[in-house]
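Work through these exercises with the structure open beside you. Try each task before you read its solution.

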Amino acid sequence: MVCLLAVATVPIARGDDTFQEFDVRVAAVAFVALLAALVQGWSWLVPAAIALAGGSYALELAIDDAPLDVAVPVVAVGLLLAAELAYWSLDERSRVPGDPGQGLRRAALVALGAMGALVVASALLALVDEVRGRGIALDLAGAVATVAVVVMVLATARDQSSSGS
Amino acid sequence: MTRAGNPRLVGYVALAALGLLGALALRRPELAVAAAPFALVVALGVRARDPRVAVIFTMGAERTLEGADEDVTLTVRSERAVDRLELLLDLPAGVQVAAGEAAQSLRLDAGEERELDVALRCARWGVYDLGAVKVRARDPWRLVTWEGQVGALHRLKAYPRPLTLRRLLAPMETQAFAGSQVARTKGDGVEYADIRDFVPGDRVRSINWRASARRQGLVVNDRHPERNTDVVLFVDSFADVRYGDRSVLDDAVRAAAALATKYLEHRDRVGLVGFGGVLRWLQPGMGSTQRYRLVETLLETGVAPTYTWRDVNVIPARILPPAALVLALSPLVDPRFVVALEDLRGRRYDVAVVEVDPVPLVRPGRTEVERAAYRLWLLEREVHRWRLESRGIGIATWGDGALDTVLEEVRTFRRYARTAHV
């Protein structure tokens with residue numbers, strides 16, 4: 001929740017008064033959604049809360065129309081950490097006793113994931129900065145990647161429904 | 001094992017897609033960068049493969065006593081490394097974990113084998129199928145799970161816990177073979193019966209010299225021979241009365257097992273009739289094999305509701321040998337069982353009843369109608385009891401006390417009861 005709030009404060013700190021008011025409300029909704037997810041065990045609310053916080057950031061970027069934001073790797077890591085830790089909390093509800101050191105191992109894995117995310121996001125940002133404005137080819141590549149991810153979403157959803165039945 | 005995606009997988013894929021779509025729509029590459037870590041985790045997670053877990057369930061013995069601990073070992077092996085393997089011992093109702101955990105999680109390296117020790121306890125007698133283990137393996141990123149049920153089924157028979165019995169109910173008539181029961185007839189034996197005049201053919205060692213001296217003629221001692229008996233345990237399985245963890249059928253089966261064991265120790269032949277919705281019987285026999293047969297037949301006893309009228313004609317004739325003691329164990333709830341007992345008595349069987357008391361297990365109710373029904377039920381039970389007693393059938397109620405005391409009550413009734421005209 002701290003990670004989510006940290007991400008949510010980025011657009012609040014940057015935006016003008018009108019946007020700040022709107023963004024505080026969005027952040028509050030995201031916070032309540034994550035809280036409800038953790039308390040009630042509703043895992044489907046976790047991505048919704050993350051999406052709200054990320055959406056607020058995206059809106060601020062779109063309105064501000066600033067050049068490439070260098071803080072985005074930190075925001076990406078914040079969002080990933082918020083999601084990882086929220087899902088970890090939900091996993092702990094099962095209360096299956098495990099081997100000693102399982103928690104530490106998982107914490108190390110989450111930290112490693114966050115570091116990896118930071119490195120990848122920074123590299124991508126550098127790449128984007130390098131190739132930005134070089135024509136339509138990059139836009140096409142982005143569109144293809146988006147379509148691929150959407151296909152992956154649909155395939156995953158189909159897997160879920162078939163294993164559920 | 002079945003592969004399934006976690007909610008996290010759907011969530012991460014959705015977030016990645018949302019980020020990329022947002023990047024395209026708003027023309028802000030930062031959103032694609034923010035979505036990249038989620039896409040990266042998904043890409044790492046979906047590469048995980050089925051760990052191929054095998055679980056071997058090993059049980060120390062096939063038989064145990066209710067309430068006793070039985071050690072069980074779970075040997076877990078995985079072909080591929082599993083970051084988190086959750087095992088849930090799927091136990092049937094009536095079996096609980098006495099030591100260890102029913103649900104455990106562990107981490108296994110590729111080819112690693114681990115043994116988990118668990119002690120199980122059967123809270124109630126019965127036959128239990130154990131060995132089903134639910135397995136759930138998770139990848140390190142918790143995106144994909146493999147779930148399944150492994151392990152072969154093992155049958156565990158929980159015998160009723162033994163009850164203390166010092167003295168048994170003696171039947172009116174004994175059988176022809178040697179046993180431990182003092183017969184009412186006269187013959188060769190240990191117990192003194194009477195004296196009579198000497199007749200040619202009497203053994204010299206039977207002569208009572210003191211009595212002969214007083215009577216100026218030879219008199220000999222008559223003795224009661226020790227014979228075996230036939231006992232048929234007649235268990236009422238028409239209905240069960242249950243409250244909390246107590247049940248009259250459970251108690252009846254415990255008592256039947258204890259009585260069977262004790263009679264068999266006295267070299268008597270013991271048979272069994274489970275009279276109810278399903279008729280179960282076991283021909284009278286003796287020895288330790290018969291004991292196991294009896295107990296295992298008792299373990300199958302359960303209530304199968306039926307509305308059809310049943311009488312003793314459905315019992316095969318060889319199950320009820322002549323002059324056998326029919327020892328009934330019943331809560332006297334179903335009138336069909338009471339009629340069956342009257343019928344048996346009418347056929348000149350020696351019948352005695354241990355009434356497993358259901359009254360403490362029944363609440364009188366809150367409303368006046370419920371309380372009236374309760375009182376009527378109690379009166380109906382009195383009528384059942386009176387009907388049986390008037391036919392010379394000894395009854396004693398068994399509640400929380402010792403079974404020995406109850407048998408003593410029946411013995412006293414039979415000692416002083418007049419011969420019934422049936």
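**Exercise 1. Locate D250(B) and decide: is D250(B) buried or exposed?**

Solution. This is a predicted model. Start with the element: D250(B) sits in helix α4 of chain B, which covers residues 248–265. Next, take the relative accessibility, which is 3%. Buried means under 20%. D250(B) therefore counts as buried. Last, look for partners beyond the four nearest places in sequence: D250(B) is in contact with R124(B), W125(B) and R242(B).

**Exercise 2. Describe the make-up of chain A.**

Solution. Count the elements: chain A has 6 helices and 0 strands. Read from the N terminus, their order is α-α-α-α-α-α. Now turn to burial. Chain A has 165 residues, and 36% of them are buried. Then take the contacts with a separation of 6 or more: in chain A, 73% of these join residues 24 or more positions apart. Finish with the surface. Chain A exposes about 9,000 Å², and carbon and sulfur atoms supply 69% of that area.

**Exercise 3. How many residues of each chain take part in the contact between chain B and chain A?**

Solution. On one side, count 45 residues of chain B; on the other, 52 residues of chain A. Add the area: about 4,000 Å² is buried between the two chains. Carbon and sulfur atoms give 68% of this buried area. Now pick out the main contributors in chain B. R8(B), R28(B) and V33(B) lose the most area to chain A, together 15% of what that side buries.

**Exercise 4. Find the cavities and say which residues line them.**

Solution. Begin with the idea. Rolling a probe the size of a water molecule over the atoms shows where empty space is left. Here the count is 2 cavities of 30 Å³ or more.

Take the largest cavity. Its space is about 50 Å³.
- From chain A, the lining has E84(A), R106(A), L109(A) and V110(A).
- From chain B, it has R8(B), P140(B), W141(B) and R142(B).
- Helix α5 of chain A, residues 102–131, gives the most, with 3 residues.
- By class, 4 lining residues are nonpolar, none is polar and 4 are charged.

Go on to the second largest cavity. Its volume is about 40 Å³.
- The chain A residues of this lining are L80(A), E84(A), V110(A), G113(A) and A114(A).
- V41(B) and W141(B) complete the lining.
- Two elements of chain A, α4 (72–91) and α5, give two or more residues each.
- Of these, α5(A) gives the most, with 3 residues.
- The classes are 5 nonpolar, 1 polar and 1 charged.

Finally, compare the two lists. E84(A), V110(A) and W141(B) appear in both linings.

**Exercise 5. Examine the backbone at L332(B) and R348(B), then decide whether each is buried or exposed.**

Solution. Recall the usual pattern: most residues other than glycine have a negative phi. Now check L332(B). Its phi is positive, near 55 degrees. L332(B) lies in the loop between β22 (325–330) and α6 (335–346) of chain B. The relative accessible area of L332(B) is 1%, so L332(B) is buried.

Repeat the steps for R348(B). Its phi is near 70 degrees, again a positive value in a residue other than glycine. R348(B) is in the loop between α6 and β23 (350–356) of chain B. Exposed means over 50%. R348(B) has a relative accessible area of 68%, so R348(B) is exposed.

How values were computed
Residues are numbered from 1 along each chain as its sequence is written. Chains are lettered from A and ligands numbered from 1 in the order in which they are written. This is a predicted model: local features need pLDDT of at least 70, side-chain atom pairs count only at pLDDT 80 or more; totals for chains, interfaces and linings use all residues. Side-chain values use heavy atoms; hydrogens and water are left out. Helices (H or I, at least four residues) and strands (E, at least two) are DSSP runs, numbered from the N terminus. Buried means under 20% relative accessible area, exposed over 50%, partly exposed in between (1.4 Å probe, protein chains only). Contact means heavy atoms within 4.5 Å. On a 1 Å grid over the protein atoms alone, a cavity is a set of points where a 1.4 Å probe fits but cannot get out, and a pocket is an open set with protein on both sides within 12 Å along at least five of seven lines; lining residues have an atom within 4 Å of a point. Grid points are joined across faces, edges and corners, and a volume is the space filled by probe spheres set on the points. Ala, Val, Leu, Ile, Met, Phe, Trp, Tyr, Cys and Pro count as nonpolar, Asp, Glu, Lys and Arg as charged, and the others, Gly among them, as polar. Accessible areas come from the Shrake-Rupley method with a 1.4 Å probe; for residues, only the protein chains shown count as cover. Buried area is the accessible area (1.4 Å probe) that two parts lose on being put together, summed over both. Lists of a residue's contacts leave out its neighbours within four places in sequence.
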